[in-house]
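Welcome, and please open your viewer. We will go through the model stop by stop, selecting something at each one.

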Amino acid sequence: MAESLKIILSPEEITQRLKELGEEISREYEDKPLVLIGVLKGAFVFLADLMRVLRLPQVEVDFVRLKSYGFSDTSTGEVQITKDVELPLKGKHVLVVEDIVDTGYTLAYLKDHLLLHEPASVKICCFIDKAERRQIPVEIHFKAFEIPKGFLVGYGLDYAERYRHLPGVYEVIKK
Ligand code: 5GP
Ligand code: MG
Ligand code: MG
């Protein structure tokens, strides 16, 4: 099917916002050793940029990969971990770095899973919050942008594995 892309966030807007977000996160964790956990694949670009604007002495990085069973673009309650965390998390301060929070099912599941490792804290940072679409409540502690609707690509986000490499964020307009 033919589609076109409409620009939603320019690379400059993203860079500007990430500087502010980096400050917020750095204030929160200035005296706490931090573990960033990126949710693959979508969050890898955001995590890479975010970690480089943090002013913190100690940051560790790990990744998880989740598969959610849903129809096409939306997830349902069923989530499976296909790649788990490898770093020990016990007693550590964990910040989950996610691309988009939509229904909330994915993050609700992941947060419960991470709590089994007995970390000192688990907070959530997302690149885009689609707050109006939430089906299950999840507390988002840090967010770069709130965008209510539309299927978004670029900056790590894909549409059938395409467009992750684009430096800005676009809405897919189906023709
Ligand atoms: P949910 O919060 O519904 O469980 O799932 C959110 C996940 O679905 C996101 O982490 C992201 O991977 C994917 N997702 C939700 N909305 C979009 C979107 O607009 N574009 C892309 N590429 N993925 C999305
Ligand atoms: Mg995701
Ligand atoms: Mg995807």
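**First stop: leucine 21**

Select leucine 21 and look for the residues it touches: leaving out residues up to four places away in sequence, these are Leu50, Phe142 and Ala144. Touching, or being in contact, here means that the C-beta atoms of two residues, placed from the backbone, lie within 7 Å. Now add lysine 143 to the selection: leucine 21 and lysine 143 are 122 residues apart in sequence, and their C-alpha atoms are 7.5 Å apart in space.

Is leucine 21 buried or exposed? Leucine 21 is buried, because 21 other C-beta atoms lie within 10 Å. The cut-offs are these: a residue is buried with 20 or more other C-beta atoms within 10 Å of its own, exposed with 12 or fewer, and partly exposed in between, with C-beta atoms placed from the backbone.

Before moving on, a word on what you are viewing. This is a predicted model, in which local features need pLDDT of at least 70 and side-chain atom pairs count only at pLDDT 80 or more, while totals for chains, interfaces and linings use all residues. Residues are numbered from 1 along each chain as its sequence is written, and chains are lettered from A and ligands numbered from 1 in the order in which they are written. The predictor's confidence in each residue, pLDDT, runs from 0 to 100; its mean over the protein chain is 94, and 94% of the residues reach 70 or more. For the complex, the predictor gives an ipTM of 0.96 and a pTM of 0.95.

**Second stop: helix H1**

Leucine 21 belongs to helix H1, residues 11–28. Helices (H or I, at least four residues) and strands (E, at least two) are DSSP runs, numbered from the N terminus. Select H1 and see what is beside it: H1 lies across S6 and S7, at about 160° to S7. Axes are lines fitted to C-alpha atoms, for helices over the stretch in contact, and angles run from 0 to 180 degrees between N-to-C directions.

**Third stop: the six-stranded sheet**

Select the strands in the order S4-S3-S2-S5-S6-S7 and you have an open sheet of six strands with mixed pairing. S4 and strand S7 (142–146) are at the edges, each with a single partner strand, so one side of each has no neighbour in the sheet. Ignoring direction, neighbouring strands of this sheet are turned by 30° against each other on average. Two strands pair if DSSP finds at least two bridges between them.

Try walking across the sheet:

- S3 and strand S4 (residues 79–83) are antiparallel, with four bridges; look for arginine 65 opposite lysine 83 in S4.
- S2 and strand S3 (residues 59–68) run parallel and are joined by seven bridges. The path from S2 through H2 to S3 is a right-handed β-α-β crossover, meaning that, with the strands pointing away from the viewer, the path from the first strand over the helix to the second runs clockwise.
- S2 and S5 are parallel, with five bridges, and valine 35 stands opposite valine 94 in S5.
- S5 and S6 are parallel, with eight bridges. Here the chain goes from S5 through H3 to S6, again in a right-handed β-α-β crossover.

**Fourth stop: S5, H3 and the core**

How many of the nine residues of S5 are buried? Eight are, leaving S5 mostly covered. Next, select Tyr105, Thr106, Leu107, Tyr109 and Leu110, the buried residues of H3. They pack against S3, S4, S5 and S6.

Now colour the largest nonpolar core, which has 41 residues, with Phe46, Val96 and Val97 making the most contacts inside it. Such a core is a set of buried Ala, Val, Leu, Ile, Met, Phe, Trp, Tyr and Cys residues joined through C-beta atoms within 7 Å. Zoom in on valine 97: among its contacts beyond four places in sequence are Leu36, Phe46, Leu50 and Cys125.

**Last stop: the three-stranded sheet**

Finally, select S1, S9 and S8, which form an open antiparallel sheet in the order S1-S9-S8. Strand S1 (3–9) and S8 are the edge strands, each pairing on one side only. S8 and S9 are joined by two bridges, and valine 153 stands opposite tyrosine 170 in S9.
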